[in-house]
Amino acid sequence: MKDITSREDIEFLMQAFYKDAFINPEIGIFFTKIAKINLEEHIPAITDFWEQQLFRKGGYKKNVIQIHKNLNHKKEMHKIHFDTWLSLFQNTVDTNFKGEKAELIKTRALSIATVMQLKIK
Ligand code: HEM
């Protein structure tokens, strides 16, 4: 198995993650019914976000905490949602990649999720 080395790798990872997230019984509703996200727009934005996190490029400028604060106003986000999101994310990474960046993306996801849970309230 290879490490995450390019934007294309991140995009592949995000496609795999959202495929599972959309049909997940705990969190799917946030994507399909609450935010009604269009994956063709969302995948490039989230790929920018992670490209910034992993490789310091991609030019992601939006405030991710604020985005989830708004989401939390529409439907309250609880620990179960974050735990589910994180385990899906970690599983998607582990199924497809192995290496330093694969570890980094999981660590980053965990720390952002931890801060997010506190700050959206
Ligand atoms: C309970 C856990 C989570 C749920 C249910 C969730 C759901 C969502 C939804 C529905 C959106 C779209 C919001 C909109 O367009 O109005 C969104 C955006 C986003 N999420 Fe999450 N999220 C979760 C946790 C996280 C975490 C932990 C991260 C990062 C580590 C993250 C990263 C992002 C980013 C970067 C965007 C914005 C993409 C853009 O700029 O358009 N999310 N999330």
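**Exercise 1. Find the helix that holds histidine 68, then work out its link to the iron atom of the ligand.**

Step 1. Look for histidine 68 in the model: you'll find it in helix α4, residues 64–74. Helices here are DSSP runs (H or I, at least four residues), while strands are E runs of at least two, and both are numbered from the N terminus. Keep in mind that this is a predicted model, where local features need pLDDT of at least 70, side-chain atom pairs count only at pLDDT 80 or more, and totals for chains, interfaces and linings use all residues. Residues are numbered from 1 along each chain as its sequence is written, and side-chain values use heavy atoms, with hydrogens and water left out.

Step 2. Now go to the iron atom: its only protein donor is NE2 of His68, at 2.1 Å. Donors are N, O and S atoms within 2.8 Å of the metal (3.2 Å for Na, K and Ca); water is not among the atoms, so sites may look incomplete.

**Exercise 2. Describe what surrounds the ligand.**

Step 1. Count the neighbours: 22 residues surround the ligand, and the closest are Ile46, Tyr60, Lys62, His68 and Trp85. A residue is near a molecule or strand if one of its heavy atoms lies within 4 Å of it.

Step 2. Check N and O atoms in side chains. Tyrosine 60 has one that is 2.7 Å from an oxygen atom of the ligand. For lysine 62, the distance to a ligand oxygen is 2.9 Å. Histidine 68 has a side-chain N or O atom 2.9 Å from a nitrogen atom of the ligand.

Step 3. Sort the shell by element. Two or more residues come from each of α2 (28–34), α3 (39–55), α4, α5 and α6 (100–119). The most come from α3, with five residues.

**Exercise 3. Classify the aromatic pairs that tryptophan 85 forms with phenylalanine 17 and phenylalanine 89.**

Step 1. Get the rule straight. Rings of Phe, Tyr and Trp (its six-membered ring) pair if their centres lie within 6.5 Å; planes under 30 degrees apart count as stacked, over 60 as edge-to-face and the rest as tilted. The structure holds ten such pairs.

Step 2. Take phenylalanine 17 and tryptophan 85. Their ring centres are 5.2 Å apart and their planes sit at 70 degrees, so this pair is edge-to-face. Phenylalanine 17 is in helix α1 (residues 7–23) and tryptophan 85 in helix α5 (residues 79–96), so the pair ties together parts 68 residues apart in sequence.

Step 3. Take tryptophan 85 and phenylalanine 89. With 4.9 Å centre to centre and 10 degrees between the planes, this pair is stacked. Both residues lie in helix α5, four residues apart, or about one turn of the helix.

Step 4. Zoom out: Phe17, Tyr18, Phe22, Phe31, Phe49, Trp50, Tyr60, Trp85 and Phe89 form one aromatic cluster.

**Exercise 4. Decide whether phenylalanine 17, tryptophan 85, phenylalanine 89 and histidine 73 are buried, partly exposed or exposed.**

Step 1. Use the cut-offs: buried means under 20% relative accessible area, exposed over 50%, and partly exposed in between (1.4 Å probe, protein chains only).

Step 2. Apply them. Phenylalanine 17 has 1% relative accessibility, so it counts as buried. Tryptophan 85, at 22%, is partly exposed. Phenylalanine 89 is at 2%, so it counts as buried. Histidine 73 has 66%, so it's exposed.

Step 3. Place histidine 73: you'll find it in helix α4. Its C-alpha atom is 35 Å from that of serine 6, and the two residues are 67 apart along the chain.

Key
Polar contact = N/O pair within 3.5 Å; in protein donor to acceptor, adjacent residues only side chain to side chain.
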